[in-house]
Every structure is written in C-alpha cells, then in structure tokens.
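Got the viewer open? Let's take a walk through this one, selecting a piece at a time.

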Amino acid sequence: MTKSQSSIPKDTLMWMYETLVLIRRFEEQAKREADQGRILGTHSAIGEEATPTGICAHLRDDDYVLGNHRSHHHCIAKGVDINEMMAELLGKATGTNKGKGGTMHIADATKGMLGANGVVGSNIPVATGCALSAKVQGKDNVSVVFFGDGASSQGSLHESMNLASIWNLPVLFVCENNRYAESTPFEYAVAGQSVANRAAGYGMPGVTVDGQNVIEVYEVAGEAVERARRGEGPTLIEAMTYRYHGHFGADNPRGYRTAEEQKYYEDKDCILYMEQFLIESGVATKERLEEIDNDAKAKVIKATQFAIDSPYPDPSELLSDVYIKYP
Amino acid sequence: MVSTSVRALTYAQAVNEAFHQEFERDPSVILMGEDVAGGAGRSEFEDAWGGVFKLTGGLIGKFGPERVRDTPISENGFVGAAVGAAATGLRPIADLMFVGFVGVCGDQIFNNMSKMHYMFGGKVKLPLTVITSTGAGVGSAAQHSETLYSIFVHFPGLKCVAPSNPYNAKGLHAAAIRDDDPVIVFNNKQLMGGVGGGIHVPEDSYVFPIGKADRPKEGTDITLIGISYTTYQCLKAAEILEQKGFSAEVIDLLSLSPLDEDAVLSSVKKTRNVIIVDEDYPMCSMASELSAIIAEQAFDFLDSPPIRLNAPHASVPYSPVLEAEYIPSPEKIAQAALSILE
C-alpha cells in the first residue's frame, strides 16, 4: 500500500500522531523529573510509542489493557489522564493510584487500564482472565497484554497462551521486543530467535510487525482485535522495537549495546516516520503537526504543574485499602 | 607494631569478595541469575552490569561463562535448575533479584528445595544458596520492596540468614555457599546501597557461622533485636536512648533459621525488656516468633511484655511520605523503648 492509499480514517491517523507525541513528551518530562531528583527513576518508553498506539487505536474504554514495568505508553494510549499519571509519579494524593502505586503500577479501571506490573510476565495470566470474563459474560470486549522480549521466557506466557487457545479467548498477547531484557540481549536469551513463532505451538496466529511503524502495527492489530471480537480466539503479536534509554533510571545502555545500533533505530523513529507519512499523504501540514507537538508539550507542562501543586497523601492512607486491620 | 588500619569495604564489595574467594576455593560453585554479568553473549560488553546490586561483578571474567551464567527472565526455571544442579554435584548460587519474585519460583523453593533432602530420606544433599534483595526505602513500591522472611523460615528445609553489615555479609555468604543445605541470604537494599558500610573487612576468606546472632552493643536496660537493616536502626535508637539516660543492648539476629535462642534469651533475661524490630509484615513474622519464644522461655524474667515493632500490616506504598512512615525508624524504636522505661 502506498502512503496516499491508506484506508485508515483521517481522525484515527491524527489521533495516533497526537498519542505518539504526547507519550514522547510525557516520557521526556518524566526523565527530567528523575534527573532533578523529584522521583527516583522510571522505565522510559521513549522509542516504543508506536506499538500501544497502533493497537489501542482499535480499543474502546471497555476493552482491557494490562502492562508491565515499562507502561507509561500503554496507559497514555489507553486514555489514562496524564495529570493523574504525573501526580502518581510524584507520589501525590491526586495520582491514578492515590500515590500508592507509583510508576510501575499505574492503573485506571475506568479506562480499562488494569495496571502496570513490576513482576515480569506477571500480568499475562491476568489479562487472559479478563478475556475469559468477557467471554463468559457474553461481551465482545477484548483484552490486550503488553510484555517484553524478556517476559517471553517466563512460564506465565506459555501457560496463558495455551489456556487462551484451548478456551478460544479474546486476548492479544503483544510482545514489545525491544531487544534487551535489562542488559541481556534478545539473541542470547530467546531460543529460536523469535517470539512470534511460538504461537504455532499453541495453535494461534503469530505475527511479527515493525514496531516503529504505527501504520503497520495498526493494520496487524486491526485483524487481531476483530478476530478476538468475533470470538475466533487469541493472537500473538511480536512488535520489533527499541528503547532509546537504559532499562531504568540512570542505566547507560552504551554499556551493553553499540551507538551504531542505537542510531539504526533512531533513524527509524516512530514519530519521524509518522510525520513524513502524514505530510506526504496530504493528511496534515507540517505546521499542523507542529501545533500538535506544541499542544502536547503544553499538556505535559500543565500535568507537571498539577502534580507539583497537588498534596501528598495523608499519612492515614498508609492503612487505607487494607482488608484486615492488624494488630 | 600492630597495624590498626581499617580495610573499609562497602557491603557490595564485601559480598563480591566472598564470591570471588568461594569460586576460587571450590570449582563446583556456579552462579545463575538475571544480569549477574550482563551483556550476555557479547564479548565486547561482557560483565556490563555485574548484578543489579553489583554483588557479582568480575566473576565472569575470572571464572568464565560456564560457571557464571546470565539467565533469561525465568525464575522458576533457573531456581529449579539450581536445585537439580545441587542434587548432582554442583554448589550453585541462584540470584533471585527481588524477594517478591519468589512468587514466580515458589514451586521450586517450597516444594523441591525445602523438601527433597527430607522426603528422600536424607540421601540427597542440596548445597545451594539463594541470594535475594529485601527492603523498602528506595521508592520501588509494593512488588519490589518486601522483606518476606517469614514465608521462608516457615519451611523446615530452608536455612535463612540476613546480614547487617559488610563484615558479617562476607562471612555469611561464604558460610551459605559452603553449607550442605539450601540457604537463603536476604540482602537489604539500603545496606547494599552503602548504609552502614565502610567498616573493617579482613581480606582473608572467613565464614560467619550460620545459627549465631551478634551483640554489636552491650546494655542493661532493654534489648533491641534487629534484623539486617533494622539492626542499623536499633543502633541509632540506642544512641537516642543513651542521650535520655538509658542503656540499650542491641542483638543482631543474623540467622533467622536456625535461630540463636541462647543469645536472645540471655540478653532478655539480663535487661528484662525487649523490642523486636522487623521490617516484614507483622502477622506471623520473625518478630512474632521471637516474641513467642521469649514469652515461653523467659516470661518470669520480664518486666514488660515483649514489643513487636514491624512495618504496618499493609503493602509497601510508593509515595515518599508514606514510605517514610513504613519502615520502623530509630525515633519510633526509641519512643517504644521510652514507653516502657520512663
């Protein structure tokens, strides 16, 4: 398909661009907050914006998304309020989780975002359960779980793929393959050099997609989401992507990967690609895209100010949301 | 003239030295875990991390990738592999990066590691060590900040130790590796981050015996029992109490299973008052266990009921203002002591 022949609605294309940029600007600000010592660090999603954006473009508020330790981009793509997200990062009472969860546990059930998760692979069975719930209740909503190439080695993925397949559940297993589990390269840790190929063993489609190309992600996800909504079962998607920063906080990725490799992926940057696509296909002007970017920056500044101005939780919150009072 | 120079090491350096010496001493020692070296399979980036807490750096360069193995993120897989390797002639160390990840590999630890020796009639030995990190205070929230001693000590087939400073950390890691039974070593993140570091650590290899507590401070009015980082907090609390005119004795538990009951009881019988300071959740905790032992075996010596000072019965919160309230502080410990002594 050439760029001018895209059948994707213009509104959707523009929403995807806005989302990519909003994620990028949010994550840049989160890094600044960490650099200034206001937070202790995050798992930056810069470079990986396109995968959840292309997938969430097909989702409704009543569809479920479950993430991992690196999940700010999942949350934003699923429509979680960035004021509340930034407040959560700063540990404030107005945060998505009242300041109790922080960067690795952002959740907003009203948007179908059932949580980031700090334990690798831990959310995959939970997402499978959300899909089971939809099926048993006769609903057509779908469940999407995002995980990394590292999590593909956890038993939880394999057990969940098997369950989802034998029960024909409406779930998308989405591997964001950013090539590194902390400092451990994909080619060392994943036998067979493919996550998508593992789908065959569980009787479901396994698709590899360029995770830097939001249009391609959108198209692959569209088929998978429709398949799930029609009751035809799960799909495994492996999106090839790259994190521009270290694993966490101040980790310097130059300790385990080359500048050349980094440049290769930065040249394929998902935002640059989308800018070019929108301009060349006549969907938007350069000026319009700049407006959108400025808008995103303004939203992030506003969110940061909201977070800074918000109060910390009352110390009594330490013992709220606990089932059992002890001693 | 006797040299009085202090060979100051950080906690991480001391543990790293123990690993190097044990690898040197015994060729059956191997190490498995996520990023224990880092940059796996790429010679130009070998040892990129040396472990998340820098405990295991330099090993792969000296002892090679056959003995020092970065693993995929597969805790159930590599912890279980450590059990199998231990049963068949190796002396493995498995690095469970955060203690909460026991949720992933609990089957191997609780159903195999803790039981094989007993249920096979004592005919199989499992000389293996699991190192893991514990503790709040670094903004890591509910899943990366737990302490969880009690669920491990609950199992009869696991030995458990919790070092409190670079000196005993080096000796306890060496002891754990040489022990013929499974030993879980809990390394507190604040201690690994440098708190309480800079004390003298002998260069020569040594073991700190499993099953022995330490008494870092003598006193007469009250016993403060600490575990790992809370020993540091107890020593700070003892300074506050000193200023108020009270003499606190600090017992550093170190070995959680087996327990050094003699050290605990003899101190409590002397001071007649006791506070057990434990960062773990309170219900069925080490503090609860010690409190029961003291009540059963030293009841007649006590001037006041044992006090358990745990973290609150809640998951670890993220917000810095809540997390600061979470860990038992020297001020809270001193306050609890004064409530008895004044």
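## Starting inside: the largest cavity

The lining of the largest cavity is made up of six nonpolar, five polar and two charged residues. Keep in mind as you click around that this is a predicted model.

To find the spot, select B:Phe53, B:Leu55, B:Asp95, B:Ile131 and B:Met192, which lie nearest the centre of the largest cavity among its 13 lining residues. Its volume is about 90 Å³. Which strand gives the largest share of this lining? That is β5(B), with three residues. Elsewhere in the structure you can hunt for more enclosed space, as there are four cavities of 30 Å³ or more in total. As for the method behind this, rolling a probe the size of a water molecule over the atoms shows where empty space is left.

## Out along the sheet of chain B

Stay with β5(B) and select residues 129-134 of chain B, then add β4, residues 91-96 of chain B. These two strands run parallel and pair over four bridges. Two residues you just clicked turn up again here: B:Asp95 has B:Ile131 in β5(B) as its bridge partner.

Now widen the selection to the whole sheet. It is an open one of seven strands in chain B, ordered β3-β2-β4-β5-β7-β6-β12, and its pairing is mixed. Which strands sit at the edges? Look for β3 (68-70) and β12 (255-257) of chain B, each of which pairs on one side only. Going from one strand to the next, the twist averages 20°.

## A buried strand: β10 of chain B

Next, select residues 222-226 of chain B, which is strand β10. Is it enclosed or open? Five of its five residues are buried, so β10(B) is largely enclosed by the rest of the structure. Show the side chains and check both faces: B:Ile222, B:Leu224 and B:Gly226 are buried on one side, and B:Thr223 and B:Ile225 are buried on the other.

Then add β11, residues 248-252 of chain B, which runs parallel to β10(B) and is joined to it by five bridges. For one of those pairings, click B:Ile222, whose bridge partner in β11(B) is B:Ala248.

## Over to chain A

Color chain A on its own for a moment. You should be able to pick out eleven helices and seven strands. Its C-alpha trace spans about 55 × 50 × 40 Å along the principal axes. Chain A has a radius of gyration of 19 Å, which agrees with the value near 20 Å for a compact globule of 327 residues. Of those 327 residues, 60% count as buried.

Select the open sheet of five strands in chain A next; the order is β1-β2-β3-β7-β6, with parallel pairing. At the edges stand β1 (64-66) and β6 (206-210) of chain A, each with a single partner strand, so one side of each has no neighbour in the sheet. Neighbouring strands here are turned by 20° against each other on average, direction ignored.

Zoom in on β6(A) and β7, residues 235-240 of chain A: they pair in the parallel sense over five bridges. A:Asp210 finds its bridge partner in A:Met240 of β7(A).

## Last stop: a pocket with both chains

Finish at the second largest pocket, with about 380 Å³ of space. Select A:Ser320, A:Asp321, A:Val322, B:Ala314 and B:Ser315, the closest to its centre of the 15 residues that line it. By class, the lining of this second largest pocket holds nine nonpolar, three polar and three charged residues.

Conventions: Residues numbered from 1 in each chain as written. Chains lettered and ligands numbered in written order. Predicted model: local features only at pLDDT ≥ 70, side-chain atom pairs only at ≥ 80, totals over all residues. Heavy atoms only, no water. Pairing = 2+ DSSP bridges. Axes fitted to C-alpha atoms, helices over the stretch in contact; angles between N-to-C directions. 1 Å grid on protein atoms, 1.4 Å probe; cavity = no way out; pocket = protein on both sides within 12 Å on 5 of 7 lines; lining within 4 Å. Points joined across faces, edges and corners; volume = space filled by probe spheres on them. Nonpolar A, V, L, I, M, F, W, Y, C, P; charged D, E, K, R; others polar. Rg over C-alpha atoms; globule rule 2.2 N^0.38 Å. Buried < 20%, exposed > 50% of the residue type's maximum accessible area, 1.4 Å probe, protein only.
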